[in-house]
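User: I am new to reading protein models, and I would like to understand how the words used for them are justified. Could you take me through the reasoning step by step?

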Amino acid sequence: MLNIYTSWKSYIIIFWGLLFGITLHAQSEDAAGFKNDYLLIINTYSSNAPCSNAIINSVQKRLSVDNTTAVYVEHLNTLLIDNQEEFNKVKQDIFAKYAIRTPKIVLLIGNPVLILLEDIRARWGDVPIIATAEMDFVSPDMTSLQTTAIPEDKRVPISELADKYNLTFLQSRLFPRDNVELLKHMIPTLKKVLLLGDGCYVNQQLHYDMERMMAKQYPNLEYEFISAADITTEELLARLNTIDTKTTGVLFSSWSCVSNVGGATILETYSFRVIANIPIPIFAFKQAVMENSGMVGGCIYDEPELLAHLQQTFTQIRSGIQPRDIPFFIPEKPVPTFNYPSLLQRNFSVEDCPAGSVFLGRPQSFWQQYKYLLLFGGITVVMLLVAFFVRNYIRSLKALNEAQQEQVETSYKLELALSVSNTIPWHMNLSEEIIYWDAAPSLNQSSTTIIPEIGTATISLKECFERIHKEDLERVQQKFHDILKNNIQKFHEEYRIISFDTSNPRIDWVEVQAAVETRSENGDPLIVVGLLRIITKRKQMEQELIETKEQAEESNRLKSVFLANMSHEIRTPLNAIVGFSRLLATVEDENEKEEYIQIIENNNDLLLQLISDILDLSKIETGTMEFIEAPVDVNEMLEEITQAMTLRAEPKGVAVRFKDRLSECCILTDHNRLHQVMTNLMTNAIKFTNGGAITIGYTLQPGNMLRFYVSDTGCGIPKDKQKDIFTRFIKLNRFVQGTGLGLSICQIIVERMGGEIGVDSEVGNGATFWFTVPNRKVEKIKKPILEQERVHIYKKDITILIAEDNPSNFKFMNAILKKEYNILHAWDGQEAVELYKENKPHLILMDINMPILDGYGAKDGIRNLSPDVPIIAVTAYAFASDEQEILKSGFDGYIAKPINPELLYKKIEDMLTLRLQIS
């Protein structure tokens with residue numbers, strides 16, 4: 001196994017390669033002294049990408065024997081290019097560098113780099129071009145760097161570019177369908193396919209094509225794309241370690257992570273080896289990736305065949321054949337290829353693989369390994385002895401190699417563990433006051449706040465202290481002093497570090513542990529060793545937990561306040577209802593008794609309004625408040641409200657007027673919610689107006705909005721209190737009955753309807769509450785006139801059937817109606833149907849929630865006997881959606897509990913008058 005991070009020196013090389021995005025491989029000549037013949041390779045990817053490196057190394061090896069042709073390589077590192085402007089700068093630098101002499105041949109690697117074709121033609125004319133890429137098409141837009149997938153109808157085949165740009169093409173083709181079939185073969189219980197890829201264009205195109213292929217050809221398989229642009233390598237490893245390998249197959253394309261730590265942009269290119277090291281089977285699209293990691297295998301193109309065609313193409317061009325005349329190389333059939341050691345480590349066998357599979361790293365059979373020895377071993381004894389000594393020598397070398405390999409693997413695992421845990425070992429020579437990093441930080445830690453740059457292997461103690469946050473500095477210095485004086489045995493502190501980038505300051509949390517390793521004969525410390533961990537994310541999580549705890553405590557406090565308020569608001573009217581109800585039995589004076597009854601009714605209304613407000617508030621909190629839109633005649637609704645409120649305002653000597661209006665106005669909105677807001681504002685106006693008038697109306701405003709208003713001549717509202725009145729539980733006059741919820745609920749309703757609400761008021765001059773709703777005009781629905789012959793009947797002969805299972809509710813309705821009508825009673829829905837068969841009552845009051853057969857079932861049974869008898873639903877379900885459901889199900893009317901006697905009388909009279917001629 002290769003060690004990715006062998007020493008801190010390799011990080012310097014990686015850092016400068018990523019910083020400039022270009023690696024130049026050439027002879028030692030100055031840039032102005034290019035050889036007459038040189039090959040220019042322009043690579044889309046980084047210098048560490050295994051697939052492009054396989055091609056580049058093959059070309060360099062082939063041309064290294066020919067001292068007449070130099071090879072120059074430009075790595076674009078497109079994952080580090082954020083916009084077209086940066087790409088244009090890189091492009092200009094490349095053409096400026098090679099402006100002196102035209103290359104003999106240009107080799108383009110990767111699809112994105114093909115946008116340089118027009119620039120190459122403009123600057124170097126008909127220079128021979130060889131292109132090798134995964135996709136055999138490009139975008140119609142050849143001016144912008146391609147970063148997203150190209151739809152089928154927008155693809156331009158590369159074959160159409162051959163003549164124009166003197167181009168030949170070798171495709172390093174991907175085979176998504178064959179790899180899915182391979183997963184199904186290797187994992188018989190496959191249910192899900194995961195595709196791992198980074199943010200480069202090829203992976204976006206591969207994801208686009210696979211997503212459509214899976215939906216069309218494999219509808220029974222779940223598909224998911226995991227991108228390095230969305231999650232870190234550590235998060236991916238955690239995710240992969242939790243998957244079920246018996247039902248999930250993993251396909252790997254590439255995984256280069258771009259991160260910005262401490263202001264520096266870092267490209268992590270070796271993560272595929274870390275990913276392949278986990279104990280789950282991962283299948284790759286390319287041989288170069290599989291050979292350089294522990295991935296199991298994949299259906300891949302024949303890479304040696306492609307490289308052979310590439311060498312042949314160079315030979316043809318150098319002999320004078322133009323690229324446009326050389327046929328394209330397009331692999332037609334993939335080869336199932338497996339990494340033999342990884343195959344066995346993931347509990348697969350050769351027998352599990354498809355027929356015709358190729359196994360890389362498979363040990364030779366006994367005959368293959370020793371066939372020459374067996375053929376010639378018996379010729380002479382001398383040859384046998386030579387073979388014996390050679391064999392022992394080979395075994396010795398193998399044992400030595402295994403020991404070295406084990407040491408390398410142990411070192412790699414240690415560095416991997418340090419990398420995954422974000423831990424950096426260090427030691428400090430106190431005489432120099434210099435901190436040495438014993439292992440270079442992993443790529444996701446480079447350029448953090450404690451390391452100026454990834455290539456730096458040391459940092460001074462003074463500089464380290466300068467970066468410590470001022471609130472932590474004294475504590476850290478004291479602890480460091482204590483460990484040096486042997487006051488404590490170990491140093492273990494968590495503190496904040498400030499970044500080196502002053503233009504973009506950043507603070508990271510670190511955890512540092514240290515101990516004295518070596519002391520002098522006098523006991524003075526000489527060398528301190530320790531570990532440093534970046535714990536910023538952990539600290540953020542701790543802060544989030546603290547905030548969550550505080551939010552929960554605040555929520556609990558608000559709940560307690562709410563319950564206390566509700567307890568007070570409910571007990572206040574309940575106290576009046578219970579108290580005056582008991583006093584009624586002892587009062588003989590009729591006027592006093594009527595006064596008590598009025599007090600009870602007023603508190604009943606207040607308690608019912610409170611319950612309605614609490615229910616509305618509950619629906620608002622849970623996000624379930626319903627809005628049912630239907631055509632609403634605004635004039636008709638406001639006339640009804642005016643009539644109802646006039647009766648409530650008359651005892652106080654207050655007039656109610658409906659003033660401003662449109663001649664016709666029918667809009668699409670929620671009737672009940674609009675009615676609720678207007679009624680609430682009118683009720684408040686009556687509470688605070690002891691004389692004068694209350695005026696309501698509406699006008700059409702700019703922006704096609706209707707502005708409704710309720711204006712009173714009451715006491716008015718101070719300016720400094722107006723912003724608070726729409727807050728929950730705010731009551732400006734605590735001696736006036738109310739919950740303090742009405743205006744808050746009105747505000748939420750109006751905003752949900754697409755409008756706004758406000759108030760204009762001066763103390764002593766009354767108040768005008770207003771709100772707006774969208775003016776969405778609709779045709780007014782004309783109520784159908786029921787044409788039927790009315791039957792003559794005497795009122796004393798009218799019979800009403802009450803279906804109610806609660807004795808108290810029945811006694812209440814019976815007390816209201818028995819003086820005017822003949823009453824039948826059914827305890828459940830089944831009995832109601834039987835009583836209707838026997839007595840044919842003229843009207844039915846039907847409770848919805850009853851035993852044996854509920855109201856809906858009883859209604860259906862009676863409708864089978866008579867489709868015309870009026871049935872009114874009586875229920876405690878009082879929401880708008882309940883009313884809509886009841887009326888749609890076939891009931892003729894609806895009345896909600898608690899029952900208002902006057903409303904019940906009016907509903908019954910309307911129903912009977914429509915169908916009977918009563919005398």
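Analyst: Let us begin with confidence: pLDDT is the predictor's confidence in each residue, from 0 to 100, and it is needed here because this is a predicted model. Over residues 442–450 the pLDDT stays under 50, and for this stretch the model has 45 contacts beyond four places in sequence. Residues 1–34 also have a pLDDT that stays under 50, with 72 contacts beyond four places in sequence.

User: What is the average pLDDT of the protein chain, and what percentage of the residues score at least 70?

Analyst: The average for the protein chain is 81, and 85% of the residues reach a score of at least 70.

User: Why is Glu134 called buried or exposed?

Analyst: The word buried is used for a relative accessible area under 20%, and Glu134 has 5%, so Glu134 counts as buried. Glu134 is found in the loop between strand S4 (129–133) and strand S5 (137–138), where, leaving aside residues up to four places away in sequence, Glu134 touches Tyr45, Gly110, Asn111, Gln171, Ser172, Arg173, Leu174, Val202 and Lys286.

User: What makes the pair of Glu134 and Lys286 a salt bridge?

Analyst: A salt bridge requires a side-chain nitrogen of Lys or Arg within 4 Å of a carboxyl oxygen of Asp or Glu, and the closest N and O atoms of Glu134 and Lys286 are 2.4 Å apart, so the pair meets the condition. Because Glu134 lies in the loop between S4 and S5, and Lys286 in the loop between strand S13 (282–284) and helix H10 (287–291), the pair ties together parts that are 152 residues apart in sequence. Lys286 counts as buried as well, because its relative accessibility is 10%.

User: How do you know that Glu134 and Tyr45 make a polar contact?

Analyst: The distance limit for a polar contact between N or O atoms is 3.5 Å, and the contact that joins the side chains of Glu134 and Tyr45 has a distance of 3.2 Å.

User: How many salt bridges does a search of the whole structure find, and which residue meets Arg776 in one?

Analyst: The search finds 34 salt bridges, and in one of them the side chain of Arg776 meets that of Glu629 at 2.3 Å, N to O. This pair links distant parts of the chain, 147 residues apart, with Arg776 in the loop between S29 and strand S30 (791–793) and Glu629 in the loop between helix H18 (590–622) and strand S23 (630–633). Partly exposed is the term for values between the limits of 20% and 50%, so Arg776, at 35%, is given that term, as is Glu629 at 43%.

User: What separates Asp910 and Lys906 in helix H27?

Analyst: Asp910 and Lys906 are four residues apart in helix H27 (residues 901–915), which means that about one helical turn separates them. Their closest N and O atoms are 3.2 Å apart, and the two residues form a salt bridge. Asp910 is partly exposed at 44%, whereas Lys906 is called exposed because its relative accessible area is 51%, and the limit for that word is over 50%.

User: Why is Asp828 said to have no salt bridge?

Analyst: The nearest side chain of opposite charge, that of Lys837, is 12 Å away from Asp828, and the limit is 4 Å, so the pair does not qualify. Asp828 is nevertheless buried, and a polar atom of its side chain lies 3.0 Å from the backbone nitrogen of Gln830. Asp828 is in the loop between strand S32 (822–826) and helix H24 (829–839), and among the residues that Asp828 touches is Ile852.

User: Is Ile852 itself buried or exposed?

Analyst: Ile852 is called exposed because its relative accessible area is 70%, and the word applies over 50%. Ile852 also has a positive phi of about 65 degrees although it is not a glycine.

User: Which residues have the most contacts inside the largest nonpolar core?

Analyst: They are Leu638, Phe708, Phe769 and Phe771, in a core of 42 residues. The largest share of this core, seven residues, comes from H20.

Definitions and conventions:
Residues numbered from 1 in each chain as written. Predicted model: local features only at pLDDT ≥ 70, side-chain atom pairs only at ≥ 80, totals over all residues. Heavy atoms only, no water. Helix = DSSP H or I, 4+ residues; strand = E, 2+ residues; numbered from the N terminus. Buried < 20%, exposed > 50% of the residue type's maximum accessible area, 1.4 Å probe, protein only. Lys, Arg positive; Asp, Glu negative; His and termini not counted. Polar contact = N/O pair within 3.5 Å; in protein donor to acceptor, adjacent residues only side chain to side chain. Contact = heavy atoms within 4.5 Å. Core = buried A, V, L, I, M, F, W, Y, C linked by side-chain atoms within 4.5 Å.
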